[in-house]
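This briefing covers two parts of one structure: a sheet with the helix on it, and a second helix with its surroundings.

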Amino acid sequence: MNEQLQEDLRRELDQLRQAGTYKRFNTLCSPQDAVVRMEGRGEVIILSSNNYLGLANHPEVVRAGIEGLERYGAGTASVRFICGTFAAHTDLEAEIASFLHTEAALTYVSCWNANEAVIPTLTDANTVIFSDALNHASVIDAMRLARPARKVIYQHSDMGELREGLRSCEAGQRQLIVTDGVFSMEGDLAHLPDILELARAHDAVVIVDDSHGTGVLGATGRGVAEHFGVLGEVDIITSTLGKALGGAAGGFVASSMVVCDVLAQRSRPQLFSNALPPTVACSARRAIQVLKENPSLVEQLRANTRHFRTRVTEIGLKPLAGEAAIIPIIVGDTAFAMRISEKLLDEGLFVTGFGYPVVPEGTARIRVQMSAALKQEHLDRAVEAFQRVGREVGLL
Ligand SMILES: Cc1ncc(COP(=O)(O)O)c(C=O)c1O
């Protein structure tokens, strides 16, 4: 190993430790659920997973994965177009398209890959991309891979700035507006009706990454579009299978047949990387079916979110407002957020603190993520832990 590199990297790690921002990776010895067993800690309540609907350990979702493994073996051993497409993939894609009311869907091994597929593939030298300043890192990186005529990063949800940008485009240019459906660090929603209206007025294409909206928003969990009553009106939806829909991994693009066909033909993560493992494809398909059969899961998630928001507000915390299942509590300094998270863990509550560079300096936060799997007793214990720790560290 190159000694100079090792030394440089050791210094980098030391700086993180000194700043109190070195991340510790907690090892879990049981499935994702309301309560998990953590190595060295025993049982803790989880308040920071994306297991929004509690389907990660649902018996039917687990069983479908086992059946997928038995039927198809471990994996595709190839990319899709060579010999890596199983019926598990096409079945899942049909299920996603029908769930989201789109003509077609195409899966990837992650939503990160889905975003890196869509944005560069649909961009040419005559394209202008408009992207919300708080879009997810995968959108930001996808934009870096694209080579448009121009990139416009508009201030978070600033529709005036987006309108001005669209007005400044030349005739004949392709315009892509890319936004998260739910912003992952703030928990707020894209102003989708306004974005769609602007897009129609300027003949622009709307791409929504609904990773934190799928399974969470709308009466039946169909996401931010259902929430705003515009299901079927978004040109392209990308989302993940690694959160509400089973929590394993995987992502997808849901759109027209033509868009999905072009992505299958040309997007690089599709052409040069193996397909989704069939276990995951089978589990995710079952997760969507379980959700369709039990829309009350979405209501349970919403009731838990409302209850937790109310209770923490009553004890004096001030979570950012929002309608999704992300409840950020701003605490300021990154090291402070990590210390609070550590103290909450001492109280048997696993909830992660986020700081710079994930969020701007001074806006570090404890990001609570709600789950339908949590029962009243878990939420009560969680609020008590927040109260004790909040007092101890001077947050209350
Ligand atoms: C908004 C958003 N998009 C994309 C992703 C990436 O999803 P995946 O884990 O499927 O790559 C995430 C994950 O955190 C996300 O929050």
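Strand E10 and strand E13 (residues 364-369) run antiparallel and are joined by six bridges. The model is a predicted one. The points below take the sheet and then helix H2.

**The sheet and helix H14**

- Gly332 has Ala364 in E13 as its bridge partner.
- The open sheet has three strands in the order E10-E13-E12, with antiparallel pairing.
- Strand E10 (326-332) and strand E12 (353-354) are the edge strands, each pairing on one side only.
- Packed on this sheet is helix H14 (residues 334-346), which touches E10, E12 and E13.
- The direction of H14 makes about 35 degrees with that of E13.

**Helix H2: length and end**

- Helix H2 (residues 59-72) has 14 residues, which at 1.5 Å a residue should span 20 Å; the end C-alpha atoms are 20 Å apart, so the two values agree.
- Gly73, just after H2, takes a positive phi of about 80 degrees.

**Helix H2: buried and exposed sides**

- Which residues of H2 are buried? They are Val61, Ala64, Gly65 and Gly68.
- These buried residues lie on the same side of H2, because they cover an arc of only 100 degrees around the axis.
- In general, an α-helix has 3.6 residues a turn, so residues three or four places apart point the same way.
- Pro59, Ile66 and Glu70 are exposed, on the other side of H2.
- The packing partners of the buried residues of H2 are helix H4 (87-100) and helix H12 (278-293).

Notes:
Residues are numbered from 1 along each chain as its sequence is written. This is a predicted model: local features need pLDDT of at least 70, side-chain atom pairs count only at pLDDT 80 or more; totals for chains, interfaces and linings use all residues. Two strands pair if DSSP finds at least two bridges between them. Helices (H or I, at least four residues) and strands (E, at least two) are DSSP runs, numbered from the N terminus. Two residues are in contact if their C-beta atoms, placed from the backbone, lie within 7 Å. Axes are lines fitted to C-alpha atoms, for helices over the stretch in contact, and angles run from 0 to 180 degrees between N-to-C directions. The expected span of a helix is 1.5 Å times one less than its number of residues. A residue is buried if 20 or more other C-beta atoms lie within 10 Å of its own, exposed if 12 or fewer, and partly exposed in between; C-beta atoms are placed from the backbone. The arc is that of the directions from the helix axis to the C-beta atoms.
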